[in-house]
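Reader: Hi! I'm new to this one, could you walk me through it?
Author: Happy to, let's look at it together.

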Amino acid sequence: MPRSFRIALVVGIALVAAGAGLLAYRWYERPTTLTIAVGSLDGEAGKLVSAIAGKFAQSNAPVRLSLIQTPGPLESADALASGKVDLAVVRGDVGDLSQAQAVIVLAHATVLMVAPPGAAISDVAELKRATIGVIGAETNQKLIKVLTDEYDLTRAGVVFKPLAPADARRALDTKEVRAILLVMPLTEKYLALLRNVFPHTARAGPVMIAIESAGAIAEKERAYESFDVPKGTLRGSPPIPSDDLTTLQTSFYLVAQKKLGNDLIGDLTQSIMSARRDLLAELPGLSQIATPDTDASAYLSVHPGAAAVYEGTRESFLDQWGNAIFLAPMIAGGLASVLAAAWKFLRPVETPSRQEALDALYALGPRIRMAGRESELEEIEREIDQVLRTQRSQPVADDRSERAVTAVNVAAHRLENLIHDRRAHLAPQPQDQVGS
């Protein structure tokens, strides 16, 4: 091949290899987009996750979030269970969480049962033939069943009625319901909304109903835990509740599919914690983000990638790339060999000097004398022809070069005579033919 073609070939291969390497690097460094199902009765969960997703894009995080809005945590849990999304914001007591592992706790949600001022009820056990309005009734079906079974509310004639948040005040005023059941975080935003639902005066306010059997319920239903609402949570003076109030609590989680890789969820967890720190002043609701229970016996197990971040056991750079660093010298050696071969390929073919041609011809003499077959002699003749063709392409610059050409031709002529003699020696003798 012409030298220019060989150069173009090697340059083309190098460009293809460089392009492939660049594409591989871009592919490895590209951010991974995860779909997340999120929904809540008031839309607050969607706002928080949307803000976090925006921060991911702004800070060039290795993970991106694609939001899929749902009506509530029940539908989000169903989307995760069916494999339609990678992540979901769920409530611990709602939906199928068999394929879910916790990444973070978004918020703790407290079960509150509240009656209008003057109600003579202090515990759920005292409810008789009452209608309880339930805000988010579809989401709270399991909670209703738990309370009904624990207190035998069906026998007591207690009825639970679905109630929209906007209808709560009217239902209380018209005495359609005797109390309201809801599950919400104990943040100022939600407490202010609750205060606006119930009529109150300077001396009288809503009555918070205790769930004294919360401990027994939590032992049977691990999605819940017993929780004491601090004195004065709803109002400080006079305090409501007047003393610590026993009730139930559950949690909102960001969960991931079990099949997602540890490194990916580790990157997600670290990115969320960074975004939380940057957005906290703007979105106080993010202050409730907490580490989930990393114990092996936890109700909702933590994803191993998130657990590695919380426990500080995530692999370091050397742990992840130690093998690559070890193999790098060997790969470099292989590349050097390839480059050396390419350089040899590109170098112009060096025509042997006439002295080298003479040495090559002289070396053929012993081979001719030792040849035992006609095919060996034919191969030697081809080698002699090749040497002579090569020497003919070299210019004759002076008398010294002319003498060298003569010496080469003489040596070739002598070898031809040797070949002739050896061929005659190898030919069958007449007496051998007669004998045969």
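Author: One term to start with: two strands pair if DSSP finds at least two bridges between them. Also, please keep in mind that this is a predicted model.

Reader: Thanks! So how many bridges pair strand 3 and strand 12?
Author: Strand 3, residues 87-91, pairs with strand 12 in the antiparallel sense, over five bridges. As an example, Ala88 has Val255 of strand 12 as its bridge partner.

Reader: And in what sense does strand 4 pair with strand 12?
Author: Strand 4 (residues 100-115) pairs with strand 12 in the antiparallel sense, through nine bridges. There, Ala100 stands opposite Gln257. Strand 9 (residues 225-229) is another antiparallel partner of strand 12, with five bridges, and Asp228 stands opposite Thr246.

Reader: Is strand 12 mostly covered or exposed?
Author: Mostly covered: strand 12 spans residues 245-257, and 13 of its 13 residues are buried.

Reader: Switching to helices. At what angle do helix 2 and helix 8 cross?
Author: Roughly 105°, with the axes of helix 2 (residues 44-58) and helix 8 (residues 262-279) coming within 9 Å. Angles of 65 to 115 degrees count as roughly perpendicular, so that is the word for helix 2 and helix 8.

Reader: Which residues make that contact?
Author: Helix 2 brings Ala51, Ile52, Lys55 and Phe56, while helix 8 brings Leu268, Ser271, Ile272, Ala275, Asp278 and Leu279. Sorted by class, the contact has seven nonpolar residues, one polar and two charged.

Reader: Nice. How many salt bridges does a search of the whole structure find?
Author: The search finds 15. One of them joins the side chains of Asp149 and Lys145, at 2.8 Å from N to O. These two are four residues apart in helix 4 (residues 141-151), so about one helical turn separates them. Asp149 and Lys145 are both exposed.

Reader: Which residue forms a salt bridge with Glu150?
Author: That's Lys220, with the closest N and O atoms 2.6 Å apart. This pair links distant parts of the chain, since Lys220 is in helix 7 (residues 214-220) and Glu150 is in helix 4, 70 residues apart. Lys220 counts as exposed at 57% relative accessibility, whereas Glu150 is partly exposed at 25%.

Reader: One last thing, what does Arg170 form with Glu176?
Author: A salt bridge, with the closest N and O atoms 2.7 Å apart. Arg170 is partly exposed at 39% relative accessibility, and Glu176 is partly exposed at 31%. Through salt bridges that share partners, Lys161, Arg170 and Glu176 are joined into one network.

How values were computed: Residues numbered from 1 in each chain as written. Predicted model: local features only at pLDDT ≥ 70, side-chain atom pairs only at ≥ 80, totals over all residues. Heavy atoms only, no water. Buried < 20%, exposed > 50% of the residue type's maximum accessible area, 1.4 Å probe, protein only. Axes fitted to C-alpha atoms, helices over the stretch in contact; angles between N-to-C directions. Parallel < 35°, antiparallel > 145°, perpendicular 65-115°, else oblique. Contact = heavy atoms within 4.5 Å. Nonpolar A, V, L, I, M, F, W, Y, C, P; charged D, E, K, R; others polar. Salt bridge = Lys/Arg side-chain N within 4 Å of Asp/Glu carboxyl O.
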